[in-house]
Amino acid sequence: MNNRIEIPYAIPEDEKQVIRDNFASHTDWDKSVFDRIKAHIIRHLRQQQENECCYCKRQLGFDIKEVDIEHIIPKSKYERFTFEPKNLALSCPGCNTKKGDRNVLRSKVTNYPRTGSNLTIIHAHYDLYSDHIEILNQVIYIPKTDKGCETIKLCELYRLKTVEDNMKAFLSQQDEIKKIVEQLRSTETKSGTLVRLLAQLRRILKRNPMQ
Ligand SMILES: [Zn+2]
């Protein structure tokens, strides 16, 4: 697992010029003139983060819809940090949406923080993920610190636990179905037994948790 971004994206001079010429408000972030710069940021950070979401550590997809450039300190609250390389990390759209533009600072700042101490959540450039959260079986998130706890809450990482619970229920149901089908195969055709097994099957299919 990747623990921290060691090298932030270094914005080359020509890209700095594009930002100077086209950036006035945080809503400008979506302008297509920045597409090339964003592609470079994503390429750089994918490598730094071993292609993992900075919050849930799941692998990021390669489609553009499956990866977000996350502003650790929300750009809507701190416009001047919109292109600050240390404020940028890659996340999955799920974590990014859950986190939204909620406040992650303990106290207001003027300059970009140089350490993670003023942040309430794990800072992908400053904090070692494993100091704050332990991931069991790649699905269960155990907080080790307040920061870990806040990160889990903000990104609702327990939502992934729900997925696992559904998956387990689904798999155990598959086992039940398999057993019944085996019994159906091996049973001599006694209509009473058949009716009972088919009723059992119907019951299981009715409580399918994946639907
Ligand atoms: Zn994520």
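**Figure 1. Contacts across the whole chain of this predicted model.** Let us start with who touches whom: of the contacts in the chain between residues at least 6 apart in sequence, 59% join residues at least 24 apart. Buried residues account for 25% of the 211 residues in the chain.

**Figure 2. Helices and strands, and how the chain spreads out.** If you count the secondary structure, you will find seven helices and four strands. Following the sequence from its start, you meet them in the pattern α-α-β-β-α-α-β-β-α-α-α. The chain is more spread out than a compact globule, because its radius of gyration is 24 Å, well over the 17 Å that the globule rule gives for 211 residues. Along the principal axes, the C-alpha trace spans about 80 × 35 × 25 Å.

**Figure 3. The two domains of the chain.** Domain 1 takes in residues 13–156, and domain 2 takes in residues 161–206. How far apart are the centres of domain 1 and domain 2? Taken over C-alpha atoms, these centres are separated by 45 Å.

**Figure 4. A closer look at the hairpin of β3 and β4.** Here strand β3 (residues 133–136) pairs with strand β4 (residues 140–143) in the antiparallel sense, and four bridges link the pair. One place to look is isoleucine 133, whose bridge partner in β4 is proline 143. Between the strands of this hairpin lie three residues. In the turn you will find asparagine 137, which has a positive phi of about 50°.

**Figure 5. Helix α7, end to end.** This helix covers residues 191–206, 16 residues in total. At 1.5 Å a residue, α7 should span 22 Å, and its end C-alpha atoms are indeed 22 Å apart, so the expected and modelled spans agree. Is α7 well covered or hardly covered? It is hardly covered: among the 16 residues of α7, the count of buried residues is zero. As you look along the helix, it helps to remember that an α-helix has 3.6 residues a turn, so residues three or four places apart point the same way.

**Figure 6. Leucine 205 in helix α7.** Our last stop is leucine 205, a residue of helix α7. Why does leucine 205 count as exposed? It has 11 C-beta neighbours inside 10 Å, and a residue is exposed if that number is 12 or fewer. For a sense of distance, compare its position with that of valine 139: the two residues are 66 apart along the chain, and their C-alpha atoms are separated by 26 Å.

Definitions and conventions:
Residues are numbered from 1 along each chain as its sequence is written. This is a predicted model: local features need pLDDT of at least 70, side-chain atom pairs count only at pLDDT 80 or more; totals for chains, interfaces and linings use all residues. Helices (H or I, at least four residues) and strands (E, at least two) are DSSP runs, numbered from the N terminus. The expected span of a helix is 1.5 Å times one less than its number of residues. A residue is buried if 20 or more other C-beta atoms lie within 10 Å of its own, exposed if 12 or fewer, and partly exposed in between; C-beta atoms are placed from the backbone. Domain bounds come from an automatic or database domain assignment. Two strands pair if DSSP finds at least two bridges between them. The radius of gyration is taken over C-alpha atoms; the globule rule is 2.2 Å times the number of residues to the power 0.38. Two residues are in contact if their C-beta atoms, placed from the backbone, lie within 7 Å.
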